[in-house]
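Open your viewer and get ready to make a few selections. We will begin with the whole chain and then zoom in on a pair of helices.

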Amino acid sequence: MKLFLKLVRDIKQSIGQFIAFVLVIAVGAFFYGGLVTYSNNLSTYTEGYFKEHNVSDLHVFYKQISKNDVAALSEIEGIKKIEGRYTFDATQAFEDDQAFLKIHSIPVKNEINTIAMIEGRIPSRKNEIVVDSRYAKEHLFQVGDEISIRANERNFTFTISGFGENVEHAKKNEIQDHKTYGVAYIAEETISEILGGTSYNEIMIDATEGYDMDKLGQSIEAQSKSLPYVNQVSKERTFSYSKIKETIHNNKLMSMVIPFVLFLIVAIILFLTMSRMIDSQRNQVGIMKALGVKNRTIMLHYMGYPVLAGIIGSIIGCAIAALVFVPFVTASSARAYSLPGITYSLSFYSFIPPIIFSSAFGILACYLSGRTLLKERAAQAMRPKPPKQMKTLLIERIPGIWSHLSYSYKLILRNIFLNKPKAIASSIGVVVSTVLLITAFGTQSALQQVASQIEDVYTYDLRVDYTIGTSTDTVKLPSVMKNRYSLSTFPVEFIKGDEKDNATLVVTERENSLIHFFDENDNRITLENNGVLIPKSYADKYHISAGDIIHTTFKAPELTNKSVDMKVLHISTQYSNPSFYITPDYLKSFGIDYSPTSLLVEANSSVDLNSVRTFFEQDPQVETIADRDDLKKTAEYILKQNSFVFIMFIVCAVILSFGAIYTISSINIYERNRELATLKVLGYQKHKINRLIFFENILLTTFAVIVALPISGYVYAMIVKALSSTHQQIPDQLHISILLVSVILAYLLTILSNLLLRRKVTNLNMIESLKSVE
C-alpha cells in the first residue's frame with residue numbers, strides 16, 4: 001500500500017508529463033477502438049446479411065428467356081438454385097425533377113436476393129410495388145400511397161405495399177443519391193401487364209459452395225448458344241458487393257497500420273520516461289533495498305506507472321471513440337450503404353489490446369532501465385550516480401570554430417554529446433511525431449486531390465447512356481451541341497503471368513476533348529491509334545511501363561472471351577474508377593467492331609444545356625443521363641465521407657506530437673538539473689536559462705526534421721500503397737506545402753512545450769540538485 005501511495009506521489013510530482021503520456025496512449029486507443037469497431041461490425045454484419053438474404057453468386061442477362069429455358073439451365077452442374085426475373089428501368093416525374101427507378105420482378109418462390117422488409121409487406125397481387133426505404137424517405141412516401149411511373153413508353157400506376165432494402169443494392173451508386181435514383185420490386189404476375197406475357201431477361205444463380213465460378217459461367221454461356229444471351233456478372237464484379245468488400249479491406253489495413261505507428265511513439269516515450277524516473281530515484285531504490293524490499297517488488301512498483309497510464313489512457317481513448325468515432329461511423333455508413341438494422345457499438349473488450357500493448361512496452365522499458373540499478377548493493381544505489389566524463393568533441397578539434405561559439409552554445413553541444421543515447425532517443429520521438437504530422441496532412445491533401453481530379457478529367461456537360469442494343473449511329477441528336485463524342489465500355493480481364501484482375505476498357509475517339517488524361521507529373525497525355533493507355537494503379541501493382549505488352553481477355557459474351565495483346569503507350573494517373581482507354585481504330589485492329597453505347601455532350605451554352613437535356617430525357621432509348629452536377633456531387637461525397645477520419649488523424653497527430661515533444665523536453669530538463677542549478681547559483685538570469693533550453697530543443701527538433709523528411713516520404717508511400725488498389729489510386733506524392741506546414745507545426749509544438757515547461761526551471765531546487773557525491 002505504501003508503494004502504491006509513493007506511485008501516486010510520483011505521478012503528482014510530474015502530473016504534466018503523466019497527462020501527456022496518457023494522451024499519447026489515448027490517441028492510439030481512440031483510433032484502434034474506432035477503426036476496429038467499424039471494420040469488424042461492418043464485416044460481421046455484411047457476412048450475415050449476405051448469407052441471410054442469399055446474395056446471388058451470378059447474374060446472367062438475356063434479351064428474353066422463358067420459364068422452360070430457365071428450368072433447363074437449372075440442370076447445369078454447379079447450380080444449386082436458379083430464379084428468373086424481369087428487370088427494367090422506369091422514371092417517376094415530380095414537380096421540379098424526375099427520378100430513375102430500377103424495377104425487378106419478384107420470383108414466386110423467392111430464395112435468392114430476398115428483400116429485407118422495413119415496413120409493410122411484399123407485393124401479393126398485380127399493381128403493387130415495394131419501394132426501397134431510402135427513396136421513399138426522400139419523397140415522403142407512405143405505405144398505401146399510389147405512384148405513377150413511366151416505362152416502355154407507357155404509364156403505370158402502382159400502390160406501395162411496403163418499404164424494404166435488398167442485399168444486391170446495398171450500394172446503389174457512387175454517391176448514394178436516393179433522391180434521383182431508387183430501386184423497386186413488383187410481383188411476378190405484374191410482368192404480363194408490362195410485356196403482355198410472362199418472360200424474363202435475367203436469371204439469378206445460387207452456386208454450389210466451392211464450385212469454380214469461371215467454369216460455371218462458361219457452362220451457362222455454352223448452354224445459352226440458342227438463346228438471346230447478353231452477358232453475365234459474377235457477385236465479385238457487382239458494384240455493391242465489390243465496394244463493400246473494398247471498404248472492409250481498407251479499414252482492416254488502417255486499423256492495423258495507424259495504431260501500430262501510434263504505439264511505436266508510445267514505446268519511445270515510455271522508454272525515455274521510465275529510464276528518467278528510475279535514474280532520478282536511485283537513492284529511494286537504495287533505501288528500499290536496505291529496508292529489505294525485494295528487487296521483484298521494486299520492479300513491479302515502477303512497472304505500475306506505465307500500466308496505470310495504459311489503463312487510464314486506453315479507457316479514455318476508447319470512451320472518446322465510443323462518443324465521437326462510433327456515431328460518425330454510424331452516420332457515414334448510413335450515407336454510404338443501405339444496410340437495414342446495422343449498428344456500430346464499441347466492444348467492452350476494445351480497450352484491452354491498447355492496455356496490453358502500452359503496458360508491455362512500459363514493462364519492457366522498466367526492466368531495461370532498472371535491471372542494472374537493482375543489481376547494485378543498497379549502499380551503492382543510495383549514492384548519486386557519478387556524472388559522466390566528457391570527451392573532447394570533434395568540433396573542438398577544428399581550429400577557429402569552437403573559440404568563436406558563445407558559452408551558451410558550447411553548453412548545448414556538450415550536453416547533447418554527453419547524453420548521446422538520450423539525445424538520439426529524444427530525436428527519434430520527434431522524428432516519428434514529425435513523420436506522423438506529414439503523413440496526416442499528406443493523406444488529407446491526397447483526399448482533396450482525388451476529389452478535385454474528377455472535374456479536371458471529365459469536362460462534358462452531359463453523359464448519355466443508351467439501353468442495351470441501341471446504336472448511337474442511328475439515334476436522333478439535338479442541333480444545339482458544341483461537341484459530342486461517343487464511347488463504349490467493355491469488361492475485360494487483365495492477365496500478367498499467373499495473376500488475373502478485372503478491369504474496364506473504355507473505347508472513345510482519339511479527338512475526344514471532353515476527357516483529359518494526365519501523367520504522374522500532371523502533364524497532359526493523349527490517346528493514340530496504336531496502343532492502350534493504362535491506369536497508374538495497375539501499372540504500379542503489376543510493374544508495367546510504357547512500351548510493354550499486356551494481355552487482356554474480353555469478358556463480354558458476344559466477344560466469346562477473345563484474347564488480345566495490347567501495347568502500352570502511356571501510364572495515366574486516374575484516382576477514381578481507373579480504366580483502360582483505347583481508340584476505335586485500335587479496337588478494330590483486333591477484329592472487333594466499335595458499337596458505342598454512350599455519348600459525351602458539350603452544349604453551346606448554359607442556356608442551350610436545358611433544351612439538350614430535355615431532348616435526351618424524352619428519348620425512350622436513353623437509359624441514364626449524368627451531368628456536371630453529378631460530378632461535383634461525387635467529389636463532395638468523397639470529401640464528406642472521408643474528411644472526418646483524416647481530420648481526426650491530423651488532430652490526433654498534433655496531440656501525439658505535443659505529448660512526445662513535451663515529455664522529451666521535460667526529460668531534457670531533468671537530465672540537466674545539476675547544470676541548470678549551477679548556472680542559477682552563478683547568477684545566470686532566468687530568461688537566459690530558458691533560452692538555453694529553448695535553443696537545445698530547437699536544435700534537436702531541427703535534426704529530427706532533417707531526418708524525418710526522407711523517412712516521411714517512404715512512410716507515406718507505404719500507407720498509400722496499403723490503402724490503394726487497382727480500382728482506387730491515391731496520390732503518392734507529397735507537395736512541398738505539406739512538408740512546410742508539418743515542419744512549422746513541429747517547431748510551434750516545440751515552442752509551446754518550452755513555454756509550458758518554464759515553470760519547471762523557475763521551481764528548480766538548487767540545493768537538492770547541487771548535492772555532491774559523498
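Start with the surface of the protein chain: about 36,400 Å² is exposed, and carbon and sulfur atoms supply 56% of that area. Keep in mind as you look around that this is a predicted model. Of the 774 residues in the chain, 52% are buried.

Now switch to a cartoon view. You should find 22 helices and 22 strands. If you turn to contacts between residues with a separation of 6 or more, 82% of them join residues 24 or more positions apart.

Next, colour the spans that UniProt, in an unreviewed entry, lists as "transmembrane region": residues 15-35, 253-272, 304-328, 348-368, 644-671, 692-716 and 736-757. Two of these are worth a closer look. Select residues 15-35: the span is 100% helix, with 30 Å between its end C-alpha atoms. Then select residues 348-368, where the chain is 81% helix and 0% strand and the end C-alpha atoms lie 32 Å apart.

For the last stop, show helix α9 (residues 295-336) together with helix α10 (residues 352-375). How do they meet? Their axes come within 8 Å and cross at roughly 150°. Because the angle is over 145 degrees, α9 counts as roughly antiparallel to α10. The crossing is right-handed. To see the contact itself, display side chains on both helices: α9 contributes residues including Tyr302, Pro306, Gly310 and Ser314, while α10 brings, among others, Ser358, Gly362, Cys366 and Gly370.

Notes:
Residues are numbered from 1 along each chain as its sequence is written. This is a predicted model: local features need pLDDT of at least 70, side-chain atom pairs count only at pLDDT 80 or more; totals for chains, interfaces and linings use all residues. Side-chain values use heavy atoms; hydrogens and water are left out. UniProt positions are given in the numbering used here, feature names are shortened, and annotations may be inferred rather than shown by experiment. Helices (H or I, at least four residues) and strands (E, at least two) are DSSP runs, numbered from the N terminus. Buried means under 20% relative accessible area, exposed over 50%, partly exposed in between (1.4 Å probe, protein chains only). Contact means heavy atoms within 4.5 Å. Accessible areas come from the Shrake-Rupley method with a 1.4 Å probe; for residues, only the protein chains shown count as cover. Axes are lines fitted to C-alpha atoms, for helices over the stretch in contact, and angles run from 0 to 180 degrees between N-to-C directions. Angles under 35 degrees count as roughly parallel, over 145 as roughly antiparallel, 65 to 115 as roughly perpendicular and the rest as oblique. A crossing is left-handed if the near helix is turned anticlockwise from the far one by less than a right angle, and right-handed if clockwise.
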